Each structure stands twice: as C-alpha cells, then as structure tokens.
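Got the viewer open and a selection box ready? Here is a short walk through the model, one stop at a time.

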Amino acid sequence: MAKFTLSTRLLLSHLLVMVVGLGTFVIIAKLSSPRFFVLRLEQLEQRGLVTVRSARTYLIDGFESAWNSSSLWSVVIGGTTAGALSLWLSHRITQPLSEMSKITQKFASGQLQERMPAMEIPELNALGQSFNRMAKSLEGVESRRRELMSDLTHELRTPLTVMRGYLEELADGRLDPSPELYLRLVRETQRLERLTHDLQELSKAEAGYLPIHLESVDLLPLLQGVMERFQDQLMDDDPVLILDCPPDLPPVCADFDRTEQVMMNLVGNALRYTEVGKVQILAWRSPPVVWIAVVDTGIGIAPEDLPYIFERFWRAERSRSLHSGGTGIGLAISRRLIELQNGHIEVKSELHQGSRFQFCLPMV
Ligand code: ADP
C-alpha cells in the first residue's frame with residue numbers, strides 16, 4: 001500500500017466498500033431467498049390454493065436461475081457504474097491536490113508570486129488560503145532581504161568611501177593631517193562600529209542568545225538615568241524632554257540594562273524625529289503590569305507603515321533621506337528584548353501629529 005497514490009487509495013477504498021456491500025447482499029440473498037420461496041410455496045399448498053408438489057423442484061430451480069442471472073447483471077452494472085463514479089470522484093478530489101503540489105513546487109523554485117486559486121472543497125480551500133498567507137509573508141521577507149542587502153551595502157560603502165578618500169589624500173600629501181580630519185575619520189569608523197554592533201545584537205536577540213537577568217527593578221531611577229543621559233544632547237529648548245512617573249510605582253520583574261537599552265532606543269528615536277514640541281516619558285501601573293510610554297509630537301508614522309515598524313531594517317522612506325544616522329534595527333531589537341522579559345510593546349502614531357511607543361513589564 002506504501003507506494004499507492006491518493007487517487008488509487010480513494011478508488012480502492014470505494015471499490016472495497018462496494019465489493020463488501022454487494023458481496024453481503026449476494027451471499028445473504030442467495031442463502032435466504034430460496035428458503036423463503038419454499039416456505040411461501042408450502043403455505044400456499046397448506047391453504048389448498050395451489051398443488052405444485054410435482055412442479056416444486058422445477059419452480060425452485062427456475063427461481064434460482066432467474067435470481068442468479070438478475071443478481072449477476074446487477075453486480076456487473078452496479079459494479080461498473082459505482083467503479084466509474086468512484087474513479088471520477090477520486091479524480092475530482094486529487095486533481096486540486098496535484099494542482100496545489102505543482103504550485104508549491106513552482107514557489108519553491110523561486111517563483112514567489114505563485115498563489116493558490118480558490119478551491120471547491122472547503123478544507124482544501126482553507127489549506128490554499130493558509131499557503132497564500134505564508135507565501136505573501138515569505139515574499140515580503142524575500143523582498144526585505146534584498147532591500148537589506150542593498151541597505152547594508154549602502155551603509156558600509158558610504159563610510160568606507162569617505163575614509164578611503166581622506167586616507168588617499170593624506171598618503172599623497174594633498175591633505176594635511178589635522179585633529180579635525182582625524183575626528184571625521186573616527187566618526188566614520190564609529191558609524192561602521194554601530195552598524196556591526198546593532199547587527200550582532202539583533203542576531204543574538206533573534207537567536208535567543210542574549211542573556212536576560214530578570215530581577216526586581218525600580219523603574220523611577222532607571223527612567224531618571226535615561227533622562228540624564230539625554231539632557232546633555234538637548235542644546236536648545238526644542239523639543240523638551242519630560243518625565244511623568246509616580247514615585248510609588250511598584251517594581252517590575254525585568255533586566256535593568258535591557259530595559260534601559262529599550263528606553264534609550266525609544267527616547268533616542270523620539271528626539272530624532274521630533275523637531276518641535278515635547279517628548280514625554282510616562283509610566284503607570286495597570287496590574288498585573290506596569291506600562292511605560294514614550295510620547296512625542298514629531299513627524300509621526302504613516303498608517304500603512306505602522307505594521308512594519310518593528311521589523312528589522314525597516315525605515316520610513318522620508319526619514320531615511322532626512323536622517324542617515326539610523327540603521328533600522330533598533331526597534332526590532334527593542335521588541336525582542338521586551339518579549340524576552342515577558343512584556344509586550346506597541347505603537348500608535350499619526351502622521352505629522354506624533355508617535356506613542358509603549359511597553360509593559362510584569363509586576364514582581
Ligand atoms: P533607526 O535606527 O533607523 O531609528 P529603528 O528600528 O529604531 O531604527 O526605527 C525604525 C524606523 O521607525 C525609523 O527609521 C523611523 O522611520 C521610524 N520611527 C521610529 N521611531 C519613530 C518616531 N518616534 N517617530 C517617527 N518615526 C519613527
């Protein structure tokens with residue numbers, strides 16, 4: 001049975017059911033019909049309606065042969081019709097399956113735009129729809145992978161080109177070495193360093209290799225520390241950075257450094273994408289969790305971009321040209337870090353109005 005195709009199996013199972021049905025019918029009818037016939041004849045004789053004693057054997061033989069030929073015909077005609085019907089039915093069931101198999105093969109060979117058509121059989125239709133959802137997401141992953149390659153190349157090429165240019169000019173004696181020049185070179189290497197660091201963090205976070213030390217953490221000192229680290233960067237008045245955290249906030253079960261890392265990413269982004277207005281850090285309890293939000297009055301995120309915001313290397317097109325500093329990895333790392341601490345992160349945003357990134361952590 002191991003090598004039989006599905007259609008052969010369906011056909012065989014139909015035929016088996018038919019053979020058992022017909023066989024039972026023939027055997028039982030064959031055993032019982034002549035007896036009933038004889039019984040009926042005896043009843044008729046007892047009532048004196050007919051005297052068939054002499055013709056009895058002849059009648060029984062005649063009945064038997066008539067019965068045999070009619071049951072032979074019914075088995076032949078019934079069997080052929082049922083067999084043909086079963087063949088047609090199994091073909092109808094297996095034909096969409098072989099079509100699905102062809103589509104998956106094409107998909108596997110790289111034709112990522114292939115999709116399953118609507119199917120008549122609900123279960124197969126549901127399977128086809130799930131395949132289509134998976135195909136769409138894989139197609140997205142593939143196109144993002146290509147984007148990532150070109151992004152990475154771009155990110156690497158820019159600082160490398162700048163550095164090579166300076167170094168060549170220094171070597172030729174066309175440029176005099178100066179502290180400013182070396183500082184520019186240092187900045188370019190820092191850019192490369194940040195990129196490789198972010199990539200490493202992300203791959204560790206995604207593979208689950210980032211060590212997370214869960215302990216009781218007081219959020220107020222953590223948030224104050226984050227405020228202090230950003231205060232130095234805020235030269236002028238805009239945007240203002242505000243902390244709104246109740247002093248009696250219960251401790252959460254989290255990793256201090258990782259939570260701080262997430263806050264640095266969220267506040268850093270909020271400040272980067274906010275020209276005027278304010279960036280607020282809020283915290284409140286909502287048992288069994290504590291929420292922390294970073295709210296800004298910045299450029300906001302378009303509704304069609306929101307679903308992708310936590311995906312790695314994703315950057316809104318406009319910000320990419322405006323701010324070349326980001327790598328598009330920060331939010332992907334933040335989400336993973338929050339999930340590793342049994343929390344949840346979400347975003348609400350309106351274009352030109354501002355964004356609100358908030359995450360929760362479980363209370364101790
Ligand atoms: P990046 O290092 O590029 O900032 P992130 O993963 O932290 O990477 O952010 C991804 C993208 O999300 C950013 O490039 C930006 O387009 C958008 N973004 C993140 N935070 C904000 C914000 N507060 N306001 C507007 N856009 C934001």
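## Stop one: a tryptophan and its neighbours

Start by selecting Trp291, which counts as buried because its relative accessible area is 15%. Keep in mind as you click around that this is a predicted model.

Now add Trp284 to the selection. Trp284 is partly exposed, at a relative accessible area of 28%. Measure between the two rings: the centres of Trp284 and Trp291 are 6.3 Å apart and the planes sit at 15 degrees, so this pair is stacked. The cut-off for calling a pair stacked is planes under 30 degrees apart.

Next, pick Phe310 and Phe357. Their ring centres are 6.2 Å apart with the planes at 85 degrees, so you are looking at an edge-to-face pair. This pair links distant parts of the chain: Phe310 lies in the loop between β5 (289-296) and α7 (317-322), while Phe357 belongs to strand β7 (residues 354-362), 47 residues away. Phe310 and Phe357 are both buried. How many aromatic pairs are there by this rule? The count is three.

## Stop two: the sheet

Switch to cartoon view and find the open sheet of five strands. Reading across, the order is β2-β4-β5-β7-β6, and the pairing is mixed. Which strands are at the edges? Those are β2 (240-244) and β6 (344-350), each of which pairs on one side only. From one strand to the next, the twist averages 15 degrees.

Now show helix α5 (residues 219-231). Helix α5 packs on the sheet, where it touches β2, β4 (278-286) and β5, and its direction makes about 170 degrees with that of β2.

Back in the strands, select β5 and β7 together: they run antiparallel and are joined by seven bridges. Trp291 turns up again here, with Cys360 in β7 as its bridge partner.

## Stop three: the β6 edge and its hairpin

Move over to β6. In a regular strand, side chains alternate between the two faces of the sheet. Colour Ile345, Val347 and Ser349 for the covered face of β6, then use another colour for the uncovered face, made up of His344, Glu346, Lys348 and Glu350.

β6 and β7 run antiparallel too, with seven bridges joining them. Zoom in on Glu350 and you will find it opposite Gly354 in β7. The hairpin of these two strands has three residues between them, and His352 takes a positive phi near 65 degrees there.

## Stop four: the cysteines

Select the cysteine sulfurs. How many disulfides does a search of the whole structure find? It finds zero.

Why does Cys245 have no bond to Cys360? Cys360 holds the closest cysteine sulfur to that of Cys245, but the distance is 16 Å, too far for a bond. A disulfide would need the sulfur atoms within 2.5 Å. Cys253 tells a similar story: its closest cysteine sulfur is again in Cys360, 13 Å away and too far for a bond. For burial, Cys245 is buried with a relative accessible area of 13%, whereas Cys253 is partly exposed at 26% relative accessibility.

## Last stop: zoom out

Finally, colour by domain. The assignment gives domain 1 (6-111), domain 2 (130-207) and domain 3 (215-362). Draw a line between the centres of domain 1 and domain 3, taken over C-alpha atoms, and the separation is 74 Å.

How values were computed
Residues numbered from 1 in each chain as written. Predicted model: local features only at pLDDT ≥ 70, side-chain atom pairs only at ≥ 80, totals over all residues. Heavy atoms only, no water. Phe/Tyr/Trp six-rings, centres within 6.5 Å; stacked < 30°, edge-to-face > 60°. Buried < 20%, exposed > 50% of the residue type's maximum accessible area, 1.4 Å probe, protein only. Helix = DSSP H or I, 4+ residues; strand = E, 2+ residues; numbered from the N terminus. Domains from an automatic or database assignment. Pairing = 2+ DSSP bridges. Axes fitted to C-alpha atoms, helices over the stretch in contact; angles between N-to-C directions. Contact = heavy atoms within 4.5 Å.
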